[in-house]
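Biologist: I am new to this one. Could you show me the model and talk me through how you arrive at the words you use for it?

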Amino acid sequence: MADRHCSAFAPGRVNVIGEHTDYNRGLALPFAIAQGVTVKAEELTAGPDGAASVEAIACDLQESDRFSLADPAPAAGWRAFVRGAVAELSAAGMPLVGARLEISGDLPRGAGLSSSAALSIALCLALAELASHTGRGPRELPLERIEIARICSRIEHHWTGAQTGLLDQLASLYGAPDAALLIDFRTLEIDAVPLDLGGWRFAVEDSGERHAHAASGYNERRRECAHACELLGVESLREARPEQLASLPEPEQRRATHVLSENERVLQAVAALRAREPQALGRLMNDSHGSLRDLFEVSTPAVEATVQRLLRAGASGARLLGGGFGGAVLALLGPGVPNPPGAIVLRPGPGARLTG
Ligand code: GLA
């Protein structure tokens, strides 16, 4: 009898500032948004041979997948996340049950709003809840949030080949209404920073260029940062001092200069928010974009055109969002500035939760 069922929701995220800092043990300032991924799960009884399986349906794509619970073989696209979630939860010691999963959502894929982290978190929550059936309230999850973040990061690394950091997972899991999260990736400390913007608001516009971190230059950037650390004899770029960077060759020097200055900008952005100075935040966003374009070299012509369009439409700041190489652009709009056509206003919302 398939009587056990549950559902889980994980939001996407916007990162106000602090890009390519997470895997360098630096700082970032994301917030969870209202849009995200929902996974409805119900127990699937084993077949006549007694073997449990997992059946997944991606409602928006009208695609499905089916595989053995005990042996999820690798696959591509969204299926990699489902199979990865089953495999990594099992490897982490979570005893799972056969499941039928229905995936739906309202986040554009590959647009820099972290659809993949939202997908893997909603899957892990639904699968773990179905198996443990805690039936606890929506804020009480079947696993510690930090453990879910780590499991989801392993899904990205082992099942999709993207060597991403923990930014997206932590933002989605720890999101809070009306606040951004100052995350210190050295200690994994998270502080809520009220996003009290008066009439100001954040909006994103898609550049129209899809990105996939496994195939983009993302992993290469990560290797360049690791190489810079090796040359400097430090464990991470968080330990590097600005005066050491001149000794680095290129492109490592440019990459490290971006990371160190971006950490500083995150702190300045927090100060600007606390002082209610949105104009200053807009300037920091523009500086961040310039650094991502010129020093970290992760922008593209489509992203540049989108940034320029948003600035011409009156944005006080506009910057590429997430890993770059396409995806969305984040803009900060003042009270009198109309919403640019094609841009969606995004507000901070609560983090991942069980919804039934
Ligand atoms: C992607 C990755 C994150 C982070 C950002 C860049 O969103 O998933 O871990 O590295 O790029 O800040």
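Modeller: Gladly! Let's start with Leu182: apart from neighbours within four places in sequence, Leu182 is in contact with Ala28, Leu29, Glu189, Ile190, Asp191, Val193, Val266 and Val270. Leu182 belongs to strand 7. Please keep in mind that this is a predicted model.

Biologist: What makes Leu182 buried?

Modeller: The cut-off for buried is under 20% relative accessible area. Leu182 has 14% relative accessibility, so Leu182 counts as buried. Its C-alpha is 9.6 Å from that of Ala171, and the two are eleven residues apart in sequence.

Biologist: Ala171 brings us to helix 4. Why is helix 4 called largely enclosed?

Modeller: Helix 4 covers residues 167-174, and seven of its eight residues are buried, so helix 4 is largely enclosed by the rest of the structure. The buried ones are Leu167, Asp168, Gln169, Leu170, Ala171, Ser172 and Leu173.

Biologist: What covers the buried residues of helix 4?

Modeller: The cover includes strand 1 (5-15), strand 2 (27-28) and strand 3 (30-43), along with helix 2 (115-132), helix 3 (145-160) and strand 7 (179-184).

Biologist: Now the whole chain, please. How do you know that the chain is as compact as a globular protein of its length?

Modeller: First, the parts: the chain has eight helices and 13 strands. Its radius of gyration is 20 Å, and the globule rule gives 21 Å for 356 residues; the values are close, so the chain is as compact as a globular protein of that length. The C-alpha trace spans about 65 × 50 × 35 Å along its principal axes, and 57% of the 356 residues count as buried.

Biologist: How much of the contact pattern joins residues at least 24 apart?

Modeller: Among contacts between residues at least 6 apart in sequence, the share is 72%.

Biologist: How many aromatic pairs are there in the whole structure?

Modeller: A search finds two aromatic pairs. One of them is Tyr23 with Tyr218, with 5.6 Å from centre to centre and 65° between the planes.

Biologist: And why is the pair of Tyr23 and Tyr218 called edge-to-face?

Modeller: Planes over 60 degrees apart count as edge-to-face, and centres must lie within 6.5 Å for a pair. The Tyr23 and Tyr218 rings, at 5.6 Å and 65°, meet both conditions. This pair links distant parts of the chain, with Tyr23 in the loop between strand 1 and strand 2 and Tyr218 in helix 5 (residues 218-232), 195 residues apart. Tyr23 is buried at 11% relative accessible area, and Tyr218 is buried at 5%.

Biologist: What makes the pair of Phe31 and Phe202 tilted?

Modeller: Planes under 30 degrees apart would be stacked and those over 60 edge-to-face, with the rest called tilted. For Phe31 and Phe202 the planes are at 45° and the centres 5.6 Å apart, so the pair is tilted. This pair also links distant parts of the chain: Phe31 is in strand 3 and Phe202 in strand 9 (residues 201-206), 171 residues apart. Both Phe31 and Phe202 are buried.

Biologist: How do you know whether His258 is buried or exposed?

Modeller: Its relative accessibility is 0%, so His258 counts as buried. His258 is in helix 6 (residues 252-274). Beyond neighbours within four places in sequence, its contacts include Glu19, His20 and Arg265.

Biologist: And what makes Pro341 exposed?

Modeller: Exposed means over 50% relative accessible area, and Pro341 has 73%, so Pro341 counts as exposed. Pro341 lies in the loop between strand 11 (328-333) and strand 12 (344-346).

Biologist: Which backbone details should I look at before I go?

Modeller: Most residues other than glycine have a negative phi, and most peptide bonds are trans. Here, the peptide bond from Glu250 to Pro251 is cis, with omega near 10°. Pro251 sits in the loop between helix 5 and helix 6. Asp178, which is not a glycine, has a positive phi near 65°, and its place is the loop between helix 4 and strand 7. Leu188 has a positive phi too, of about 60°.

Biologist: Why is Leu188 called partly exposed, while Asp178 is called exposed?

Modeller: Partly exposed lies between the cut-offs of 20% and 50%. Leu188 has a relative accessible area of 24%, so Leu188 is partly exposed, whereas Asp178 has 54% and is exposed.

Methods. Residues numbered from 1 in each chain as written. Predicted model: local features only at pLDDT ≥ 70, side-chain atom pairs only at ≥ 80, totals over all residues. Heavy atoms only, no water. Helix = DSSP H or I, 4+ residues; strand = E, 2+ residues; numbered from the N terminus. Rg over C-alpha atoms; globule rule 2.2 N^0.38 Å. Buried < 20%, exposed > 50% of the residue type's maximum accessible area, 1.4 Å probe, protein only. Contact = heavy atoms within 4.5 Å. Phe/Tyr/Trp six-rings, centres within 6.5 Å; stacked < 30°, edge-to-face > 60°.
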